[in-house]
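Visitor: I'm new to reading protein models, and I'd love a close look at one part of this one. Could you take me slowly through the loops of chain A and tell me what is special about the backbone there?

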Amino acid sequence: MAKIIGGITTSHIPAVGNAISDGLTQEHYWKRFFDGYKPVHEWLEEKKPDLIVVVYNDHGLNFFLDKVPTFAIGCADKYENADEGWGLKPTSPFTGDAEFSWHVAESLINQEFDMCTCQEMLVDHGFVNPMRVLFGDHEVWPIKSIPFAVNTVQHPVPSARRCYKVGQALKVAIESYPEDMKVVIAGTGGLSHQLQGERAGIINVDYDLACIESVINDPDWFANQSNDEIIEQAGTEGIETIMWLVMRGALGEKVNCLHKHYHAPISNTGAGVLLLEGAD
Amino acid sequence: MVWKKHEYEDIPGSYVFDGRRAHSSYAMNKLFYSFNEEKNRKEFDADPVAYCDKFGLTDEQKELVVSQDFLGVLRSGANIYYMAKFAIPRGLSVQDAGAAFQGISGDEFREKLLEKREGLEERLEQEGGYWNG
């Protein structure tokens, strides 16, 4: 049977991709941020997972505003990256696993999460940058990957609680897949940041650290917050931190925290890296 | 016909992108979305007014887009991620856009962000359990 062996959180901002492409990861501005991934790289190297589910939001590459699914899952064998107008060079395509995806989609729908299933899905920086920062650049990626998109762009977006619950359902879905596979879940985005308006530039370190502690030890604290409260504290774009709860829900009641890293600022954001293992 | 009020509308300096904004600015966001393709970016640059007309922008929105009034474009309903497809190819980083919203320079904006770094390692030391190099 498939087993979720761990969860990771990571930023997905474009600047991370640019820093990798431009060879800046050891420059002063970036060094502390990127060095904080080393324990995660070592863990991935040791555990060698077969597949990663990347929970992210699309920023207007695959989905335009004509159709905005709340939760969408890639159900293809291949996912392409493409020009999204931000100057990021497209990467080589990612290998999916259609049988796995359709099983997960069916299980989630049977658990009353009405997924949008995508047989073609362009993946943008929200998916690509976590892959690059976790695995490095590859012509042929060393792991199968499944895009799991959450709408955090056009309100109404799902609640933090709903994200936590879909994560719990994702655990049931994945761990009922009959093939022996080691699966990792990445919750991407965050932490606090606001790109837009006169309030642009806020980074709320206190709130970021409270979210990190909550995701590790007390997910209900974060899951109980309304989107209004989260926007107030974390900024209009910081709302995407709710995607961490999808990852957290998929790990079970209790977790062991193997690695905890926080840095600010990277570009406009506070950035958190967590490596968690289920402890139930 | 009435738009429902939301608590987030009271957060100052913020334009939460919801159905109300998405509805009023659909054509403008569709124009920005088209900038995913190089040929469309070039077509806009060759004749911005004609390109705006092609997408059916209102006169007000057209003026805001053509004059690159980023705060005006945002207030008029642009989604920030879509607007970035307009701003970034024009050499503006997200920090520059943030600075434009506040009427300060990009360097001043970046400086304010960097203040968050001060004392961070010590703070994390106190919190405990954080990787610190």
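Guide: Happy to! Let's start with A:Leu191, which sits in the loop of chain A between strand E8 (181-188) and helix H7 (205-217). Keep in mind that this is a predicted model. The peptide bond that joins A:Gly190 to A:Leu191 is cis, and its omega is about -5 degrees.

Another cis bond is found in a loop of chain A. Look between strand E7 (144-150) and helix H6 (160-174), where you will find A:Pro156. The peptide bond leading from A:His155 into A:Pro156 is cis, with omega near 10 degrees.

Now let's turn from omega to phi. A:Glu112 is not a glycine, and still its phi is positive, near 75 degrees. You can find A:Glu112 in the loop of chain A between H4 and strand E6 (116-118). Is this residue buried or exposed? A:Glu112 has a relative accessibility of 64%, so it counts as exposed, because the cut-off for exposed is over 50%.

A:Ser267 also has a positive phi, about 50 degrees, without being a glycine. Its loop in chain A runs between strand E9 (255-266) and strand E10 (269-278). With a relative accessible area of 11%, A:Ser267 is buried, because buried means under 20%.

While we are visiting H4, let's look at the helix itself. Helix H4 of chain A covers residues 98-110, and A:Glu99 belongs to it. A:Glu99 counts as exposed because its relative accessibility is 53%. On the surface, A:Glu99 gathers with A:Asp50, A:Asp77, A:Glu179 and A:Asp180 in a patch of negative charge.

One more loop is worth a stop, and this time the side chains take the lead. Over all chains there are 24 aromatic pairs. One of them is formed by A:Phe94 and A:Trp141, whose rings are stacked, 4.6 Å centre to centre with 25 degrees between the planes. A:Phe94 lies in strand E5 (residues 94-95), while A:Trp141 lies in the loop between helix H5 (125-135) and E7, so this pair ties together parts of chain A that are 47 residues apart in sequence. How accessible is each partner? A:Phe94 is buried, with a relative accessible area of 0%, and A:Trp141 counts as buried too, at 6% relative accessibility.

Key. Residues numbered from 1 in each chain as written. Chains lettered and ligands numbered in written order. Predicted model: local features only at pLDDT ≥ 70, side-chain atom pairs only at ≥ 80, totals over all residues. Heavy atoms only, no water. Patch = residues over 30% accessible without salt bridge, like charges linked within 9 Å, V, L, I, M, F, W, Y side chains within 5 Å. Areas by Shrake-Rupley, 256 points an atom, 1.4 Å probe, with all protein chains shown as cover. Salt bridge = Lys/Arg side-chain N within 4 Å of Asp/Glu carboxyl O. Lys, Arg positive; Asp, Glu negative; His and termini not counted. Charge placed at Lys NZ, Arg CZ, Asp CG, Glu CD. Helix = DSSP H or I, 4+ residues; strand = E, 2+ residues; numbered from the N terminus. Buried < 20%, exposed > 50% of the residue type's maximum accessible area, 1.4 Å probe, protein only. Phe/Tyr/Trp six-rings, centres within 6.5 Å; stacked < 30°, edge-to-face > 60°.
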